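User: Got a minute to go through this one with me? I'd like to start with how the helices pack.
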Amino acid sequence: MKELSEVNLPEDVRYTKDHEWARPKGEAFQIGITDFAQDQLGDIVFVELPETGDRFESGDEFGTVESVKAVSELFMPMGGEVVAINEALEDSPELVNTAPYTDGWMLEIKVGDPAAYDQLMDRAAYLDMLKGLEE
Amino acid sequence: MTSLKTSLHAWHTGHGARMGLFGGYDMPLWYASAKDEHLAVLNHAGIFDTSHMAVVLVEGPGALDLLQFCFTNDLTACLGPRKASLRPGRAVYGAFLDAQGHVVDDAIVFMLAADAFMVVVNAGMGPAVAAHLVQHGGAYAARVTDLSGQVGKMDVQGPMAARMLYDVLAEPETVFDAMPYFSFKGGFTDAIPSWGAVVTRQGVPLLLSRTGYTGEFGFELFAGPEQIVALWEAIVAAGASLGAVPCGLAARDSLRAGAGLPLSHQDIGAWPFCRHPWPFALPYRPGTQEFSKPFLGDTALQTCQGPYTYPFIGRDLRKVTLPAEVLDASGRSIGDVLTCVTDMAVGRHEGRVFSIRSPDRPKDFRGGGLCCGFVRVADPLPLDAPLALKDKRRRIDVRIVKDIRPDRTARQPIHTLLQPKEE
């Protein structure tokens with residue numbers, strides 16, 4: 001298990017309390033789970049994602065990540081429409097473990113209200129939250 | 001509440017294990033990867049800290065009779081197809097029941113001498129099982145001693161296990177000679193008659209047993225708790241070049257489920273110990289439904305109308321999370337899910353389930369994983385019955401099976417696994 005000092009928390013994404021991240025990509029946003037979340041879950045053996053065109057509100061469950069022992073929900077950081085899913089995860093779900101912020105991305109969404117992004121936690125705020133969880 | 005720690009606790013945390021509470025102990029769930037650990041036990045070997053398990057000694061002229069009354073298996077008729085009597089150096093699986101036929105705990109009974117038995121039970125269960133034996137064994141001249149926390153234990157499981165121990169033991173050829181499945185040699189204290197028969201090159205006396213709970217070839221090692229860290233490190237070192245890795249309880253759970261073995265207090269528990277896929281734990285006379293001896297709980301089992309417990313396999317590796325219910329083909333709720341995990345070493349090819357070690361597996365077979373476990377239902381079900389398992393989130397299709405992970409190696413003779421492998 002990683003110490004908090006070892007958890008990779010890039011500056012160029014925003015974070016949620018459910019351990020998802022979002023990053024602007026052109027007109028859309030890319031979504032995934034954080035390094036902290038993948039480390040907690042352990043080996044991810046299956047990722048269940050929605051289909052392009054599906055619409056979700058902020059906080060909605062959009063899919064699941066499955067480890068050998070457990071199944072965990074994925075929650076939308078912002079409301080919007082799914083415009084792309086990471087099809088590589090079907091054959092290589094371990095990308096979520098090995099590259100959670102890059103090759104292990106899950107969705108691209110088109111957001112109704114892009115200002116919602118600014119409401120998410122920045123690195124410092126998320127790290128503070130993680131420190132709180134450790135205590 | 002403070003959790004208990006095994007002698008290896010500092011080793012686990014020092015090696016990056018993700019820890020979790022099990023049976024009152026803070027135990028490793030996995031180190032780097034539960035999936036890789038599970039696969040290592042099939043391909044190479046896994047090394048498990050099992051010092052959280054408890055040892056209870058039953059000794060005295062009435063020890064056999066006490067266990068005959070309290071243990072489900074018939075110690076005078078349990079070895080092999082001919083049901084020979086247990087003898088010193090042999091062990092047998094069974095359970096302790098209450099008068100209602102409900103499970104107090106499951107156990108392996110090791111016969112140390114005509115009047116001495118070592119009973120190995122689950123984490124935290126030493127006091128409860130010892131109290132149960134004292135409570136129901138008052139009529140027998142036997143002494144019951146709970147050795148919880150006083151015995152160190154680790155398991156080495158997988159095809160490389162014998163080669164690893166070969167490097168660690170002082171006289172491996174002698175030790176491995178005539179050592180079939182469910183036999184043991186040596187002892188961890190000089191109170192055990194076979195003490196001294198198994199000693200490491202470092203001079204540590206062990207009780208070495210051809211048992212385990214993964215379904216794969218391997219051993220359980222019992223030693224003094226103060227010896228376990230050095231023993232563990234010697235075995236980890238011996239296994240490093242053979243692909244062996246330390247494993248946590250997550251891999252142990254997925255391996256045992258795939259091997260069709262129950263987890264006490266989850267797959268067996270406070271309901272009658274019958275109508276389940278473990279008839280070898282009950283003293284059936286061969287070819288009959290009659291018991292070969294009377295024992296505590298027997299009447300309740302003979303009149304038991306269920307529930308029925310069955311192994312299942314899913315369509316792919318997707319699982320449900322407990323609590324989850326079992327639905328029949330018409331969608332009616334007929335029971336609950338006891339265990340649901342993914343065995344990453346199995347997969348389907350043209351309708352048949354293979355393991356990554358099946359001798360006749362298709363070329364380039366990679367397994368991929370299948371969901372599996374046990375369901376408990378009110379009424380009997382035929383083999384291959386289609387069911388759905390439903391939790392709060394999803395519904396998955398499964399079928400009742402006789403067995404889960406095929407071609408397991410637990411019973412393979414030692415000498416076949418001492419030679420370097422072809423690969």
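User: Which residues of H5(B) and H7(B) meet?
Analyst: This is a predicted model, so keep that in mind throughout. On the H5(B) side there are Met164(B), Asp167(B) and Val168(B), and they meet Ala234(B), Ile235(B), Ala238(B) and Gly239(B) of H7(B). By class, the residues of that contact come out as 5 nonpolar, 1 polar and 1 charged.

User: And how do the axes of those two helices cross?
Analyst: H5(B) covers residues 161-168 and H7(B) covers 228-240; their axes come within 9 Å and cross at roughly 120°. Angles from 115 to 145 degrees fall in the oblique class, so H5(B) and H7(B) are oblique to each other. The crossing is right-handed.

User: What do H5(B) and H7(B) lie across?
Analyst: H5(B) lies across E9 and E12 of chain B, at about 130° to E9(B). H7(B) lies across E3, E9, E12 and E13 of chain B, and runs at about 10° to E9(B).

User: OK, so what's the strand order in that chain B sheet?
Analyst: It's an open sheet of 6 strands, in the order E10-E11-E12-E9-E3-E13, with mixed pairing. E10 (184-186) and E13 (245-247) of chain B are at the edges with a single partner strand each, so one side of each has no neighbour in the sheet. From one strand to the next, the twist averages 20°.

User: How many bridges between E3(B) and E9(B)?
Analyst: There are 4, and the two strands pair in the antiparallel sense; E3(B) is residues 46-49 and E9(B) is residues 152-157. As a landmark, Asp49(B) stands opposite Met154(B) in E9(B).

User: Back to helices for a sec. What's the angle between H2(B) and H8(B)?
Analyst: Roughly 50°, with the axes of H2(B) (residues 34-43) and H8(B) (residues 249-258) coming within 8 Å. That makes H2(B) and H8(B) oblique to each other as well. H2(B) passes H8(B) in a right-handed crossing.

User: Which residues meet there, H2(B) against H8(B)?
Analyst: Ala34(B), Glu37(B), His38(B) and Val41(B) of H2(B) meet Ala250(B), Ala251(B), Ser254(B) and Leu255(B) of H8(B). The class split for this contact is 5 nonpolar, 2 polar and 1 charged.

User: Switching to domains. How is chain B divided?
Analyst: The domain assignment gives domain 1 as 9-51 + 151-256 and domain 2 as 307-407. Taken over C-alpha atoms, the centres of the two domains of chain B are separated by 29 Å.

User: And how many residues of each domain are in contact?
Analyst: In chain B, 7 residues of domain 1 are in contact with 9 residues of domain 2. H2 and H8 of chain B, the pair we just went through, are the elements giving two or more residues to the domain 1 side. H2(B) gives the most, with 4 residues. The domain 1 side divides into 2 nonpolar, 3 polar and 2 charged residues.

User: Where are the cis peptide bonds in chain B?
Analyst: One runs from Gly306(B) to Pro307(B), with omega near 0°. Pro307(B) is in the loop between H9 (298-302) and E14 (308-314) of chain B. Another joins Leu322(B) and Pro323(B), again with omega about 0°. Pro323(B) sits in the loop between E14 and E15 (325-327) of chain B.

User: Why flag those at all?
Analyst: Because most peptide bonds are trans. A related backbone point in chain A is His19(A), which has a positive phi of about 70° although it is not a glycine. His19(A) lies in the loop between E1 (14-15) and E2 (20-25) of chain A.

User: While we're on chain A, what's its sheet of E4, E6 and E7 like: parallel or antiparallel?
Analyst: The pairing is antiparallel, in an open sheet of 3 strands ordered E4-E6-E7. E4 (44-48) and E7 (71-75) of chain A are the edge strands, each pairing on one side only. The twist averages 25° from one strand to the next. E6(A), residues 61-67, is joined to E7(A) by 5 bridges, and Thr64(A) stands opposite Glu73(A) in E7(A).

User: Last one: how many residues of chain A and chain B are in contact?
Analyst: 11 residues of chain A are in contact with 19 residues of chain B. E4 and E6 of chain A each supply at least two residues on the chain A side. That side has 6 nonpolar, 2 polar and 3 charged residues.

Key: Residues are numbered from 1 along each chain as its sequence is written. Chains are lettered from A and ligands numbered from 1 in the order in which they are written. This is a predicted model: local features need pLDDT of at least 70, side-chain atom pairs count only at pLDDT 80 or more; totals for chains, interfaces and linings use all residues. Axes are lines fitted to C-alpha atoms, for helices over the stretch in contact, and angles run from 0 to 180 degrees between N-to-C directions. Angles under 35 degrees count as roughly parallel, over 145 as roughly antiparallel, 65 to 115 as roughly perpendicular and the rest as oblique. A crossing is left-handed if the near helix is turned anticlockwise from the far one by less than a right angle, and right-handed if clockwise. Two residues are in contact if their C-beta atoms, placed from the backbone, lie within 7 Å. Ala, Val, Leu, Ile, Met, Phe, Trp, Tyr, Cys and Pro count as nonpolar, Asp, Glu, Lys and Arg as charged, and the others, Gly among them, as polar. Two strands pair if DSSP finds at least two bridges between them. Domain bounds come from an automatic or database domain assignment.
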